[in-house]
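Open the model in your viewer and set it to cartoon. This tour tells you what to select at each stop and what you will find there.

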Amino acid sequence: MITDSLGDMLTCIRNAVRAKHESVEIPHSGMKEAIAKILSEEGFVGGFRTADRGPRKVLVIALKYMERKKPVLREIRRVSRPGRRVYVGYREIPRYLSGFGTSILSTPQGVMSGSQARKAKAGGEWICLVS
């Protein structure tokens, strides 16, 4: 049985935004924390922190809304999956929604946004799209 923990993370965030929750808790991993950091830096979520829930650590992500509970995060979609990995060079990193969205990549220098990867001239696995 193959599980996609990053896909589960993105689905939890997407479902929590649609249900208009204030925050969402997901099981902790280093990759998930790096993605949450990028989402926070790019302004799609309010912030994140780690917490201990019994023997396990969880990542608590605060969701961000505009007036009338309209979510800042409109779309979050997995690109590279366990069954179909997608790799891009730094020249092929797409500019999503003319710069209003962002791509998240896993590069040899670590997990970074598409704009950071272009500046560092680092390609890698294209994890997800966020707008």
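**Start at a bridge**

Select Ile104 and Cys128. Ile104 has Cys128 as its bridge partner in E8. The model is predicted, and this pair is a handy way into it.

Widen the selection to both strands. Strand E6 covers residues 102-107. It pairs with E8 in the antiparallel sense, over five bridges.

**Strand E8 and its other partners**

Now select residues 124-130, which make up strand E8. Is this strand mostly covered or mostly open? It is mostly covered: seven of its seven residues are buried.

Keep E8 on screen and add residues 76-78, strand E4. E4 and E8 pair antiparallel, through three bridges. Pick out Arg78: it stands opposite Cys128 in E8.

Next add residues 87-88, strand E5. This strand also pairs with E8 in the antiparallel sense, over two bridges. Click on Val88, whose bridge partner in E8 is Gly124.

A word on what holds such strands: strands of a sheet pair through backbone hydrogen bonds, either parallel or antiparallel.

**The two cysteines**

Return to Cys128 and show its side chain. Its relative accessibility is 0%, so Cys128 counts as buried. Now select Cys12. Cys12 is partly exposed, with a relative accessible area of 34%.

Why is the sulfur of Cys12 not bonded to that of Cys128? The two sulfurs are 14 Å apart, and that is too far for a bond. A disulfide here requires sulfur atoms within 2.5 Å. Cys128 is in no disulfide either, with the sulfur of Cys12 as its nearest cysteine sulfur. By this rule, the count is zero disulfides.

**The three-stranded sheet**

Move on to residues 23-27, 45-53 and 56-63. The first two ranges are strands E1 and E2; the last is strand E3. Together they form an open sheet in the order E1-E3-E2, with antiparallel pairing. E1 and E2 stand at the edges with a single partner strand each, so one side of each has no neighbour in the sheet. From one strand to the next, the twist averages 25 degrees.

Look closer at E1 and E3. They run antiparallel and are joined by five bridges. Select Pro27 to see one pairing: its bridge partner in E3 is Val58.

Then add residues 30-41, helix H2. This helix lies across E1, E2 and E3. Relative to E2, helix H2 runs at about 150 degrees.

**Step back**

Clear the selection and color by secondary structure. What elements does the protein hold? It has three helices and eight strands. From the N terminus on, the order is α-β-α-β-β-β-β-β-β-α-β.

Rotate the whole model. Along its principal axes, the C-alpha trace spans about 40 × 40 × 25 Å. A compact globule of 131 residues would have a radius of gyration near 14 Å; the protein has 15 Å, which agrees.

Finish with the surface view. The protein exposes about 7700 Å², and carbon and sulfur atoms supply 49% of that area. Of the 131 residues, 41% count as buried. Among contacts between residues at least 6 apart in sequence, 61% join residues at least 24 apart.

Conventions. Residues are numbered from 1 along each chain as its sequence is written. This is a predicted model: local features need pLDDT of at least 70, side-chain atom pairs count only at pLDDT 80 or more; totals for chains, interfaces and linings use all residues. Side-chain values use heavy atoms; hydrogens and water are left out. Two strands pair if DSSP finds at least two bridges between them. Helices (H or I, at least four residues) and strands (E, at least two) are DSSP runs, numbered from the N terminus. Axes are lines fitted to C-alpha atoms, for helices over the stretch in contact, and angles run from 0 to 180 degrees between N-to-C directions. Contact means heavy atoms within 4.5 Å. Buried means under 20% relative accessible area, exposed over 50%, partly exposed in between (1.4 Å probe, protein chains only). The radius of gyration is taken over C-alpha atoms; the globule rule is 2.2 Å times the number of residues to the power 0.38. Accessible areas come from the Shrake-Rupley method with a 1.4 Å probe; for residues, only the protein chains shown count as cover.
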